[in-house]
Amino acid sequence: MEARNFITAREMITEGNWLLTTMNDLPRYEKPPLPSWITALFGFVFGLDNIATLRMPTMLMAIVLGYVGYLFSLKILHNKLHALINALILLSTFYIIAITVEAPWDIYTHGFMLTAIYFLYSFFNLPDNKWKNSLLAGLFIGLSFMSKGPVSLYALLLPFLLAYGFVHKYKGFGTDRKYFPLLVMTLLATVIGIWWFLYVRLADPNAFLAITKKETANWSSYNVRPFYYYWSFFIQSGIWTIPALLSLIYPYLKNKVSDKKTYRLTLLWTIFSVILLSIIPEKKARYLVPVLIPLALNTGFYLEYIINNFKSSLSPKEKIPVYFHFSLIGCIGIAYPIIAYFLLKDGLSGLWGYYALSSLALFTIGILIFLRLKKQQLFSCFILTIALVAAIKTLAMPLAGAMEKNTEYRSISDLKHTMQDEGLKSYCFGEMAPEMIWDYGSAIPVLKGEEEILIPEGQKFGVLVIPADENEFKRIFDPEYSYTLDNVYDLNYNANPGTKGHKDRLISKLYIVQKR
């Protein structure tokens, strides 16, 4: 996904495809262009070869998501400490971190939508600034739509509106004369959200309709999973799995939380989001990201309860999962240096500094968690957990470079210049992996499309073929052409050929084809 998005941003800069977006010089209208525009801007300023800066916008959006989570929590709870707990849970949730690494556009659509919900909540509840709140809510709903279509509208906004209706019943909405601002909000969100789709529909109707038909079909035929596939959604919160699960037990927590009505709001928001996502046949783990936002706020109620009442009113049975949760985290920190060494010792050359710093940090945090837990200082344990996540992200994740490397790894980045030096053109037969196209450095003309196969002009040229299309390639070019295998490019970084993690889609064979 990251390669797809980066290719689209690159072709905006190199080919000028800012509105009629492309990937490998072919129409890519599956996703709206707003995140690609933002990424392209960073690429234009810092260079397309700087992967770190291309990834920076998604990291900044994650920070925005956490900050808006804090502001929204503060607005609904009126408690700065509780709001801070919520924001830190959200930022340290496993899949929120994961999507900043994978760089899909989900973080944009949900970040903008949470911002819209912040202003929408103010619009519903406060009599003042109704025009300001309605216009800003409409703006950010539109920006969310321009980031990934109706995904967040369906999976984050609609569940919120349902939950808000159940809890607050939209009381007083009609008496504040908010219908006209609501209409303007809706119109503004619609204009901002769909103008690009209308433009593409008019400018390139055939490609747009074909892609729309394919995407619509995918909802019911691609990655189809059973209705209950998302029922373990709380596991995606990662280090907060146990508190997240306990926060969902309404009979247990309803009379213990500091704000029962808001707790019902976050709980129903979470459950409605899971149900709506479960209805859609197509399911992927990262589609759970909108669920993790209200779940983080819901988990905050449980953590606030145990932090404030652990010493005073928690029963021995209630303390068991708390001790287990923080002890497990402490053990992770203490065991890290040993486990990391035995797993990575053969590849630590040049990375010993990261290993030493990460081991020292995580081991120290693990010890401190046990010391604070013994003194029943739960807020300190919570902050140390956040510190552990931060240490993993900043100090331990770079050690991924020490993992076992594919001895057959071969980049395709030099092929373009090599072929140009020999006066040959390069083509690809079939659908190349996005990682290959990104690594190549520019678009590669496609010979085998969905409906036709093209034969290049010229006596001699190079063709990149994935293993799945190799037999068809040979059939098409026999007997008028001779072909010679020139090279094999393998972008499997950590998995050797023949091992479980080795993917054929990341292999491309270069054939030099010559007319007989």
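**Figure 1. Ser-247 is a buried residue of the predicted model.** Ser-247 has a relative accessible area of 0% and is therefore classed as buried; the model shown here and in the other views is a predicted one. Ser-247 belongs to helix 11, which covers residues 241-247. Leaving out residues up to four places away in sequence, Ser-247 touches Leu-253, Tyr-263, Leu-267 and Leu-295. Asn-298, Thr-299 and Tyr-302 are also touched by Ser-247.

**Figure 2. Thr-385 is a buried residue of helix 17.** The view is centred on Thr-385, a residue of helix 17. The relative accessibility of Thr-385 is 0%, so Thr-385 counts as buried. Its contacts, with neighbours within four places in sequence set aside, are Ile-239, Trp-240, Phe-326, Ile-329 and Ile-369. For one of these partners, Ile-329, the separation from Thr-385 is 56 residues in sequence and 7.2 Å in space, taken from C-alpha to C-alpha.

**Figure 3. Cys-331 and Cys-381 are not joined by a disulfide.** A disulfide is a covalent bond between the sulfur atoms of two cysteines. The search of the whole structure returns 0 disulfides. For Cys-331, the closest cysteine sulfur is that of Cys-381, and the distance of 13 Å is too far for a bond, given a cut-off of 2.5 Å. Cys-381 likewise takes part in no disulfide, with the sulfur of Cys-331 as its nearest cysteine sulfur at 13 Å. Are these two cysteines buried or partly exposed? Cys-331 is partly exposed because its relative accessibility is 41%, whereas Cys-381 is buried, with a relative accessible area of 0%.

**Figure 4. Glu-435 of helix 19 touches residues from distant parts of the sequence, including Ala-3.** Glu-435 lies in helix 19, which comprises residues 434-440. With a relative accessible area of 28%, Glu-435 is partly exposed. Residues up to four places away in sequence are not counted among its contacts, which are Ala-3, Leu-491, Arg-505 and Leu-506. The view also includes Phe-6, which is 429 residues from Glu-435 along the chain; the C-alpha atoms of these two residues are 9.8 Å apart.

**Figure 5. Tyr-287 is a loop residue between two helices.** The loop that holds Tyr-287 runs between helix 13 (260-279) and helix 14 (289-309). Tyr-287 is in contact with Tyr-230, Leu-277 and Glu-282, its neighbours within four places in sequence being left aside. Val-184 is 103 residues from Tyr-287 along the chain, and the C-alpha atoms of the two are separated by 30 Å.

**Figure 6. Asp-25 and Gln-376 have positive phi angles without being glycines.** Asp-25 is in the loop between strand 1 (22-23) and strand 2 (26-27). Its phi is about 65°. Asp-25 counts as partly exposed because its relative accessibility is 48%. Where is Gln-376 placed? Gln-376 is in the loop between helix 16 (352-374) and helix 17 (378-396). Phi of Gln-376 is near 60°, and at 25% relative accessibility Gln-376 counts as partly exposed.

**Figure 7. A cis peptide bond joins Asp-478 and Pro-479.** The omega angle of this bond is about -5°. Pro-479 is part of the loop that runs between helix 20 (470-477) and strand 5 (481-490).

**Figure 8. The whole protein chain is given as context for the close-up views.** The chain contains 20 helices and 6 strands. Its C-alpha trace spans about 85 × 60 × 45 Å along the principal axes. The radius of gyration is 26 Å, which agrees with the value near 24 Å for a compact globule of 516 residues. Of the 516 residues, 48% are buried. Among contacts with a separation of 6 or more, 76% are between residues 24 or more positions apart. The chain exposes about 24,600 Å², of which carbon and sulfur atoms supply 63%. The chain carries 48 positive and 37 negative charges, and the mean positions of the two sets are 16 Å apart.

Definitions and conventions: Residues numbered from 1 in each chain as written. Predicted model: local features only at pLDDT ≥ 70, side-chain atom pairs only at ≥ 80, totals over all residues. Heavy atoms only, no water. Helix = DSSP H or I, 4+ residues; strand = E, 2+ residues; numbered from the N terminus. Rg over C-alpha atoms; globule rule 2.2 N^0.38 Å. Buried < 20%, exposed > 50% of the residue type's maximum accessible area, 1.4 Å probe, protein only. Contact = heavy atoms within 4.5 Å. Areas by Shrake-Rupley, 256 points an atom, 1.4 Å probe, with all protein chains shown as cover. Lys, Arg positive; Asp, Glu negative; His and termini not counted. Charge placed at Lys NZ, Arg CZ, Asp CG, Glu CD.
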